[in-house]
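Grab the model and work through these short exercises on surface patches and salt bridges. Try each task before you read its solution.

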Amino acid sequence: MQHISLNTDPDLRPYLVFNAPAQDRKDFTIGLNRSRQVKISWEKIVSPSGVGTPYKAFDGSQAFKVWAERLWGISDPNDDDVVMIKNNYVASIGPSYLTIQMGPEGQRWVLFARSETPFTQSEFDTAASYQAFWPKVDRVVVASDTLSWQEELDLSPAVIWRQYRDLINMKSLSDIINLRADEFANASITGFLQQEELAVLASQYITMKGMRIDVEESLRRLKDQAEDLGYVLNITQTPITYKFPGGVESDVVEPGELYQPYMSTVSWWTSHQRREVSFSSSWFSSSISVHVINYQVLHRQSVQRYRKKIIDFDPWVEKERSLLEQGFRSFRFARTGNGYVTADGVTLEEVMLLCDRDMFFWESSVIWLPVYDQKFTQGEVLAKYIIIYRPLRGAQLVHLPRFYLEEQLSVRRDPSVSVELGELAHTINLAPGEKRTITIERSSTNEREERRSAKSLVDVVDVSSTDFATEFEREARHETESNRSTNWSVKASGSYGAFSGGAEGGGTSSLKVNDFARNLEKIAQKAARSITRKTQDEISTSLTSKTTSSSSEKNVLEVENINLGRSLNLAFYRMNNVSSVGIYLEDLEFVLLPGIEAVAGTGIVLPEVFPLSDLRRALDRLSINAMPFSPVADPGDARRTFGRRFLLDLIEAVGEYSPFAGGGLATIKNDVTNYVPTKDADSKALGKHVKKLQNYLHDTEINQNPIGTPQKLVSGSAGFYLDSFVGQRPSTEPYSDESRDLELIGRAADIAETRARAAYYLNLAAPALTSSNSVVATANSLRQLKVVFADKPKKGKWELYVDRAHTDRSFDVTDPNTKDYTLNWAEDQSWLDPRIKNIAQLVHLESQEIVAFFI
């Protein structure tokens, strides 16, 4: 709490503490999504030579092996499983090749041997020979009679047509905002501006002006994009006319329409005249005649002409119909949060599984994979389809597996911390004896023009949690845009290889939670400053409508300064709301990108999403057996070593939710670190550690513990606190002050005399044994009294009375030589006030001896 630097009476301090809002009050919550990649220490898992790591890299077809075993329904095959594979799936085997057919009607694959390690007939006799077979494989090719091929269906004309119209609509809005920017700047500069105010004004002005520039730039980029695709787009507001030689033909390119240029030949006729002179003569005369001959000449010239493009907004309809007539069944996919799904709800994984198991289904299947581009306005747009005939299952490793934490976070404000005094807003001074009527009036007028005003002691605008949420989201959005990442949300996009389009569903974040919290603190402070600024400034903006509503509030105070010698000062302080803003983990999912392409040749890797309760299954799917790695020693030991290493990396990633100084996570990390991944150890120990980590993460979510340290937020409110204090110096001459002091001394003496006389008469009415001893009493404070006997006191218990009333205080005298005794109270005693004289008595209980004295 901010302390008041005034001479406030100490008795007033308890009234300066305000009660916070109720604990069960709910305030706003802002939801945030974040994807974080778990950094897997591959350098500690695999190396080219296998020295110091459980695995070494090789160029075999381990991914094909895992895919085939999944189709065969086996894992970690034994001798019987290997014999079953040989009898049902191995079609032929030779020194340089081995043919595998996935069932009687399945696809055939040819596995070629390395030149230095030829195949033998006993490769599929035992589990040991089966495991030793795969490192001998050099490459795998499909042996189908007709291979897969692909083509593209371009949707660019419709995309360009739509985006042009979106940008034209945006241009109309940007023109209006561009005109209003100058008006806004003129209205905002009403006097001297601070540096921060100038920065805010410049940012807003550039933003308003920049919208038009962005739209014009986007139009030029759209025009260039159309030209790259072989089209002509007129982005001006008037038609462009191309005239050809001869002046007979011309092409007109209308604004916003697409035209395809093509070469053509234009022809035209020109008319000419030729004069011929003829001479004739006879015996008698001669003559000259001129003849005019009219003729035409045909001209031809190659020119570039422009043909208007008829936009087809659903070209896939005709293409699907054509494929159906050719005997193909189309599966046209759309990209969703977890992969590719058709309009009928069929996933890409389901189609590929049917292609693996059914040769006839595969031969007649065509899949459509969408490709998206980022729009010039907002969002993304479908740009084209990649049409793949007879798609093949991908068996190659595109990249190493990646593991992500998909976090659903919330930013909450807890208003139940405290309320404190802010800066001094206003003061009113009253002279001695002065009376004044103080009117605190606040009125607000809201128009549909958005004209808002607020008037009081100082201009005040109400502040609510909605204002804070708006400011917070605006600042957070600004921070996000200024630190935008090019990464995608893994859950929403996955890895799309060469077909990557625009982003979908936000971005991934590499920030640690502590850094994220520091950004949150910066955003919270900026939002709080904005809110506080609103409480100090009158806001006046205008729009269009004239609907008006008004409200007013008036408080009238009558104040009189009853002090005759000093001024009375009234101080109005602002009241600030103090709250806590923290980040909370609402939900957590795990996303795995296995690294193997879903469709051969596409580079598409589909994400696999697991809820928090399926952490064990997520780790099982992160199978190192699918990678082109070979265990250096025992395969089981190598697999457990990989599991231990990955679990430590995962613990390090989730360690941002809680420090490792102590608690459950530190214990789990210590247990995993000490785990010995050998076959002689507890086979279920690693699974138990996974379970402990899952329970810890679940408790972190359910218990709603904040991540990191909550940040303090102080925001101004519309409330005021009124305090008063008396002036430091008297406003009268010294003679008046001294006369008043003498008058107070005289009044105190009269009161003391009256009390002493009353005590004297009481003593006469109730005679008692008066001691010859005497006492000198000193009040050290309102809670302590020291008594000193003149002579040696009697042994025994002595009790204290003030004005014949028992004070509930006594002391024992055990040594008569001790004459000093101190009495203490827990609360202030008014009769110990040095300005008041009282008659006190010490009574010896055994002898009833009384020692009277003044306090």
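**Exercise 1.** In which strand does valine 290 lie, and which residues form a nonpolar patch with Val290?

*Solution.* Start with the strand: valine 290 sits in β13. Bear in mind that this is a predicted model. Next, look at the patch: Val290 joins Val277, Phe279 and Ile288 on the surface, and together they have about 440 Å² of accessible area. Finally, β12 (258–281) and β13 (286–308) are the elements that give two or more residues to this patch.

**Exercise 2.** Work out how glutamate 227 and lysine 223 are placed in helix α5, and whether each is buried or partly exposed.

*Solution.* First, the contact: the two side chains, glutamate 227 and lysine 223, make a salt bridge at 2.8 Å, N to O. That fits the 4 Å cut-off. Second, the spacing: the residues are 4 apart in α5 (residues 195–228), so about one helical turn separates them. Third, the exposure: glutamate 227 has a relative accessible area of 41%, which makes it partly exposed, and lysine 223 is partly exposed too, at 28%.

**Exercise 3.** Find which elements the salt bridge between arginine 332 and glutamate 320 links.

*Solution.* Begin with the distance, which is 3.1 Å from N to O for arginine 332 and glutamate 320. Then place the partners: arginine 332 is in strand β14 (residues 329–336) and glutamate 320 in helix α6 (residues 315–325), 12 residues apart. Last, check exposure: arginine 332 is partly exposed at 29%, as is glutamate 320 at 23%.

Notes. Residues are numbered from 1 along each chain as its sequence is written. This is a predicted model: local features need pLDDT of at least 70, side-chain atom pairs count only at pLDDT 80 or more; totals for chains, interfaces and linings use all residues. Side-chain values use heavy atoms; hydrogens and water are left out. Patches are made of residues with over 30% relative accessible area and no salt bridge: like charges are joined within 9 Å, nonpolar side chains (Val, Leu, Ile, Met, Phe, Trp, Tyr) within 5 Å. Accessible areas come from the Shrake-Rupley method with a 1.4 Å probe; for residues, only the protein chains shown count as cover. Buried means under 20% relative accessible area, exposed over 50%, partly exposed in between (1.4 Å probe, protein chains only).
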